[in-house]
Structure formats: structure tokens, C-alpha cells
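Q: I have a model open and want to learn how to read its features one at a time. Where should we begin?

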Amino acid sequence: MSTTTTTTASTTTITTEPPKSKYTGANRMTFDGNPTSYNDFRDALSRDGYAVIKGAIPRDRAEKYADAFLGYMEGFNLGYDRHNPSTVRRDKLPVLNEKGMIQSYGVTHEQWVWDIRGEEGVIEAFAKVYDDEDLIVSFDVVNVGFVNREDLPENKPWPHQDQDPAKPGFRCLQGLVNLHPSGPNDGGLIVCKGGHNLSAQFHAEMADEPRIPAWTPEWFGFTDNGMKWLADHGLQWEKVCCDPGDLIVWDSRVPHYNVPPTGSVDRLAVYTCYMPVKEASKGDLVRKRDAFERRLGTTHWPNAVHVAPTNIATRDGKPCPVARERPVQEPVLNERTMKLTGIPYLEAMA
Ligand SMILES: [Fe+2]
């Protein structure tokens, strides 16, 4: 922080200027396919379309978040007990989709989820990519991949990209914080390494391929023919292995999905995606503020491209008996996390 001292005949005024940011925007990643030399995770991200940031969250805090996640599911008092595998049953758990996502109950605004979003090591990874610390964060969901999921719907591969093929080029960096050990046999993210660099070619050459129905244009599913194209062009799929507290980031153009565990460890992950606030319009920030105030989710898009219509979970066609509109623990945000909602930036525009 720098200070300026101005002295006149009768008064002395000391003006404190805000600290200069080390992020200027001049070193923002371009994702143009050319090799980079950052000498950190950004080189892998540029080359492979994904990267692991080791220890983005210190191990002890990652274990605390895992405990909070498991305690959250136990706290519905439906019968789930982390120490009793026989309780991994639909009727004893909050509603999960077949991919393991808890999408309702206001989970995206629980204090422990916000604490993860506010972790400096997580924010810093995105700040480095964009060379910008003025970021907003998605209100995205959490994911649990149980080992013992006998009566849960099967998690089949759904290779996809989270970006409209009609809007090519780099647009979004997705992320997830991993909270349990995730080795080759454990559940987690699997990516088509390098797929981002062939994305434009793929969509040009496969333009006539019938589309898999999608609820949003910002989702594109890869058909068997599409998978064959990727393989024919030498691309390979890789399960991303990581430790508790590691952050995985990936370019939204990279084909990906998640695989269920085949070992003995449940998968726990929290999706975290940030973008520069300057890339959001005023309308985006208004929509985002409304989502925050109503404790709704936004998918992975930080600029609230989509806002969930409700937090009420549906179980077997009816509202879940333990459905709720708002989180169990209402979030108390600090200055840093409040900025990530975009609200202070919106207020500054007024
Ligand atoms: Fe995805």
C-alpha cells in the first residue's frame, strides 16, 4: 500500500491508495494452441486442456471440508451414516442425479461450499489464468460418487463439452475441488486430453452428425461417431488422478465426463468456476445477485447464463420430504467471497 503526504501551511493530509494488483491482464492466457512457458500448471492447461493444481487447499482443511460434506448428507436425518455402507440407499440420502450431483436444497450456498470457493489457492489459479483478480464465481453444485450404489441409478458415460459449438474458441475455464483421494480406480473426472485444440476442426467436420438432445445449447454430447473421430485423430482419454485439496481445471471445449468409483473410496467434489467480472454484463450481475439472494444455483457459468428455477428437490415425482428452499447454514461472506458474488461490482456501477 502506498501513501501520499500533502502538507500545506496549516494541515497535513495523508491519502492512502489501494494496493496495486499484481494482475494486470497483460499476461492473460490466450489458449491459441501455441506452447507456453509459464513454468506452472498453465503450461499443462494450454497443452492438454486441463491441469491439476496440487494442494490448492491445504490437506487439513480439505479433510475438514470432506467431513462437512459427509456431515451435510447425514444431517438430512434420512438414515445415511458414513460409517455404514448399507445406508448408501436412495431413501436415506438427499436426492442425487445419476451423475452424483446434489442439485437442490440450496446446497450451492452452504457455508462450507462458500468456504471452499473462498480458498485463496483456488481463486489464485483462476486469477493467474485470466491475469485478473476481479473475479466472479459460479454457484455450482457438489458431487458425490458412492462406491456402494446398488439402488442408485447407473452412472453411464456421457462424454460432452460444456460449451456451444457455434461459439468456438476459449470461453470458460471449469474447475472442481477434490476432497477424497482419487486414484486410477476411484471415481472422478475423465478428460479427452488435448481435445480443446481440435475442437474447431471436430465441429466443422462433424457438423452433419445428429445431435444428442441437450437442455441448453451450451452442452454438446459426443456420439459414438464423435468418439471415433476423436480416437482416429489420436486423442486419448485420461482419468485425472489427484489428492484431497487438489483443484482440477479444464477448458470447456475439452470432452469430459465423470467415472464412478471401482475401488473403496467415495468420491467427493465441489465444482468451482470463476471468470473476470468484466466479462459479465450488468444484466448478468443483476441475475446473479437475484440467484444469490434466493440461494439458487447457476450451473458452472459464473455469469449466471442459467439460474435454477427452484431449490425444491423432486423425489419419485413428488417434492422430497426434506426439501428446503435455503441452506442449512446460511452463508456469512467475507469481503473476498462477497466480491465473488458480483454484488459489490454491481453496486459500484449504480
Ligand atoms: Fe461437464
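The dialogue below goes from the overall fold to the sheet, the core and two loop positions.

Q: What kind of model is this, and how many helices and strands does the protein have?
A: The model is predicted. The protein has nine helices and 17 strands. Its radius of gyration is 21 Å, close to the 20 Å that the globule rule gives for 350 residues, so the protein is as compact as a globular protein of that length. Along the principal axes, the C-alpha atoms fill a box of roughly 80 × 50 × 35 Å.

Q: What share of the residues is buried, and what share of the contacts joins residues 24 or more positions apart?
A: Of the 350 residues, 41% count as buried. Among contacts with a separation of 6 or more, 79% are between residues 24 or more positions apart.

Q: How should I read a sheet, and what is the order of the strands in the open sheet of six?
A: Begin with the order of the strands, then look for the edges. Here the order is E3-E12-E8-E14-E6-E4, with antiparallel pairing. The edge strands are E3 (50–53) and E4, and each pairs on one side only.

Q: Which bridges join E6 to E4 and to E14?
A: E4 (residues 101–102) and E6 run antiparallel and are joined by two bridges; Met 101 stands opposite Asn 143 in E6. On E14 (residues 267–271), four bridges join that strand to E6, again antiparallel, and Val 142 stands opposite Val 270. E14 also pairs with E8 (residues 173–178) in the antiparallel sense, over three bridges. In that pair, Asn 178 has Ala 269 as its bridge partner.

Q: Which way do the residues of strand E6 point?
A: The general idea is that side chains in a regular strand alternate between the two faces of the sheet. In E6 (residues 142–145), Val 142 and Val 144 point one way, while Asn 143 and Gly 145 point the other way. All four of these residues are buried.

Q: Where does helix H1 lie relative to the sheet strands E3 and E12?
A: H1 lies across E3 and E12 (247–251), and runs at about 160° to E3.

Q: How do I read a nonpolar core, and which residues have the most contacts inside the largest one?
A: In soluble globular proteins, nonpolar side chains tend to be buried together. The largest nonpolar core here has 71 residues, and those with the most contacts inside it are Tyr 50, Leu 135, Val 177, Ile 248 and Val 249. Helix H4 (residues 120–130) supplies the largest share of this core, six residues. Not counting residues up to four places away in sequence, Val 249 touches several residues, including Leu 45, Tyr 50, Ala 125 and Leu 173.

Q: Why does Gly 33 count as exposed?
A: The reading rests on a neighbour count. Gly 33 counts as exposed because it has 12 C-beta neighbours inside 10 Å, and 12 or fewer is the cut-off. Gly 33 is found in the loop between strand E2 (12–17) and helix H1 (41–48). Gly 33 and His 196 are 163 residues apart in sequence, yet their C-alpha atoms are 8.6 Å apart in space.

Q: Where is Cys 320, and what is it in contact with?
A: Cys 320 is in the loop between strand E17 (318–319) and helix H8 (335–340). With 17 C-beta neighbours inside 10 Å, Cys 320 counts as partly exposed. Leaving aside neighbours within four places in sequence, Cys 320 is in contact with Val 95, Ala 313, Thr 314 and Arg 315. Leu 333 is 13 residues from Cys 320 along the chain, and their C-alpha atoms are separated by 29 Å.

Key
Residues are numbered from 1 along each chain as its sequence is written. This is a predicted model: local features need pLDDT of at least 70, side-chain atom pairs count only at pLDDT 80 or more; totals for chains, interfaces and linings use all residues. The radius of gyration is taken over C-alpha atoms; the globule rule is 2.2 Å times the number of residues to the power 0.38. A residue is buried if 20 or more other C-beta atoms lie within 10 Å of its own, exposed if 12 or fewer, and partly exposed in between; C-beta atoms are placed from the backbone. Two residues are in contact if their C-beta atoms, placed from the backbone, lie within 7 Å. Two strands pair if DSSP finds at least two bridges between them. A nonpolar core is a set of buried Ala, Val, Leu, Ile, Met, Phe, Trp, Tyr and Cys residues joined through C-beta atoms within 7 Å. Axes are lines fitted to C-alpha atoms, for helices over the stretch in contact, and angles run from 0 to 180 degrees between N-to-C directions.
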